[in-house]
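Please look first at the chain as a whole, and then follow the path from its overall form down to one strand and one helix. The paragraphs below take these steps in that order.

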Amino acid sequence: MSAPAPSPLAIVDAEPLPRQDEVLTDAALAFVAELHRNFTARRDELLTRRQDRRAEIARTSTLDFRPETAEIRAGDWKVAPAPAALNDRRVEITGPTDRKMTINALNSGAKVWLADFEDASAPTWENVVLGQLNLIDAYERRIDFTDPGSGKSYALKDADQLAAVVMRPRGWHLEERHLQFDGRPVPGALVDFGLYFFHNAQRLIDLGKGPYFYLPKTESYLEARLWNDIFVFAQDYVGIPQGTVRATVLIETITAAYEMEEILFELKDHAAGLNAGRWDYLFSIVKNFRDGGAKFVLPDRNAVTMTAPFMRAYTELLVRTCHKRGAHAIGGMAAFIPSRRDAAVNKVAFEKVKADKDREAGDGFDGSWVAHPDLVPIAMASFDAVLGDKPNQKDRLREDVSVAPGDLIAIDSLDAKPTYDGLVSAVQVGTRYIEAWLRGLGAVAIFNLMEDAATAEISRSQIWQWINAGVVFENGEKATAELARKVAAEELAAIRAEIGEEAFAAGKWQQAHDLLLKVSLDADYADFLTLPAYDQLVG
């Protein structure tokens, strides 16, 4: 199909960036414009359906597998076989697409790199455009980086030693204010997908791989259908075979957990697997059941391990569903960031990471995520022990697994309660993450853990839920707006003392404090923290 001329109504509203013309070409912008005109209206309708679904959950305080799709769940079908580059996914590393991370992730020894334009990347225009440029440069092998602080140089290893790239665009709810067509901003998902696909689909095919994607924050099979239609359109547009695109869907919302088979079915020719995303999943539970009473109140986030009964139900169902349909099941994140100064901290953390990855491999997952290159060998050993020379264990059908609808939302099956320390931790992590995000950083090391936007979402959601549920902590204090403000003020003072007046003034600490309290205390719960935060993001 010949590309139409770029729209005269295309507006790029941003200061020029170095080499941006290599990304924002007339042909690439014309493609994004066509995606926008063909699919944004459907995206808008699906966002409205999310609101309707949430209202239904507020009314009923329950969820069930969908009766209208029972035939799909009962049917005998499988997704397309995995391409060679995605057949072995035993360890995947995640991270943003800055130049240093691009090189380190590709060189990490992981089988896959999740190149993240979503939760690990604050969507400044610089991050959006230069992240695309870094990926193009990596595929052209003209990427290098010298750290201005240490003077250390970074360069790519040989092609056969590099991770395969699976790119994650932004979720459907976010707009890209810097790019407008026909008088309105383009959805961030279409900008990220469109620029990456247009520039790299053929490049990747020539490298023996393909345009592979992670799809975030999916809430229903109809949203998966929209993505599938986008893939069909995009492949026709650039003239590559149908089925070249492959997508792995993050099952990180509670509604999607009830539609896993349907999501795979909608993407059947383009499906590569499903992933279990922990923090966004918990955030989604709180968001959807926030007015469901005491039985839906989550304890401290670190008390909700993957062995909690309702989390076990979710991960076991995911593995069974994927393997029944011939898809990969990818496990959750090991977020620990090794300390260069404290070997004792590392020893304890590495043992926890090993236990977590041993559990996932034993449960039948085909691979798992890590946030740091030092964790790649640990996760690799766990999966090597189970897989051996096999690329995956999709032959383990897990027919022993049986999950009832209520099992996925049996929050009160977990024997743990919210604590005062949990409130303090939520305020600390939320404040520190939001401050970094407002400065353009999406992946942030906080207390030896790599945190992303999902961390801030669960932090502010738990503060909101505990206050609105009238939780009384173990020290006798009740969760109130006044208590949250007191803890937040103490944290702000502690940060000021910790980093010094000059660094405090140079940061966005007061702004982060105020935004955290707004989204934690407002009676009208914001669907996503990143929506009001984007209004304050500079760049």
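A compact globule of 539 residues would have a radius of gyration near 24 Å, and the protein chain has 22 Å, which agrees with that expectation. Please keep in mind that this is a predicted model, in which the C-alpha atoms fill a box of roughly 70 × 60 × 50 Å along the principal axes. Of the 539 residues, 59% count as buried, where buried means under 20% relative accessible area. The chain exposes about 20700 Å², and carbon and sulfur atoms supply 52% of this area. When contacts with a separation of 6 or more are considered, 78% of them are accounted for by residues 24 or more positions apart in the chain.

The secondary structure comes to 18 helices and 15 strands, and one place to begin among them is strand β12, residues 328-334. Here 6 of the 7 residues are buried, so the strand is largely enclosed by the rest of the structure. What joins β12 to strand β11, residues 271-276? There are 3 bridges between these two strands, which run parallel, and Gly273 stands opposite His328 in β12. Strand β13, residues 367-370, is likewise joined to β12 by 3 bridges, and these two strands also run parallel; in this pairing, Ala334 stands opposite Val370 in β13. The path from β12 to β13 includes a helix, for β12, helix α11 (residues 343-363) and β13 make a right-handed β-α-β unit.

From the strands we can turn to helix α15, which covers residues 481-499. At 1.5 Å a residue its 19 residues should span 27 Å, and because its end C-alpha atoms are 27 Å apart, the expected and the computed values agree. Which residues of α15 are buried? They are Ala481, Leu483, Ala484, Val487, Ala488, Glu491, Leu492 and Ile495. To read such a list, it helps to know that an α-helix has 3.6 residues a turn, so residues three or four places apart point the same way. In the list for α15 one can follow, for example, Ala484, Ala488 and Leu492, which are among the buried residues. The buried residues of α15 pack against four helices, namely α13 (420-438), α14 (453-468), α16 (501-506) and α17 (509-521). After the end of α15 comes Gly500, whose phi is positive, near 95 degrees.

Conventions: Residues are numbered from 1 along each chain as its sequence is written. This is a predicted model: local features need pLDDT of at least 70, side-chain atom pairs count only at pLDDT 80 or more; totals for chains, interfaces and linings use all residues. Side-chain values use heavy atoms; hydrogens and water are left out. The expected span of a helix is 1.5 Å times one less than its number of residues. Buried means under 20% relative accessible area, exposed over 50%, partly exposed in between (1.4 Å probe, protein chains only). Contact means heavy atoms within 4.5 Å. Two strands pair if DSSP finds at least two bridges between them. A crossover is right-handed if, with the strands pointing away from the viewer, the path from the first strand over the helix to the second runs clockwise. The radius of gyration is taken over C-alpha atoms; the globule rule is 2.2 Å times the number of residues to the power 0.38. Accessible areas come from the Shrake-Rupley method with a 1.4 Å probe; for residues, only the protein chains shown count as cover.
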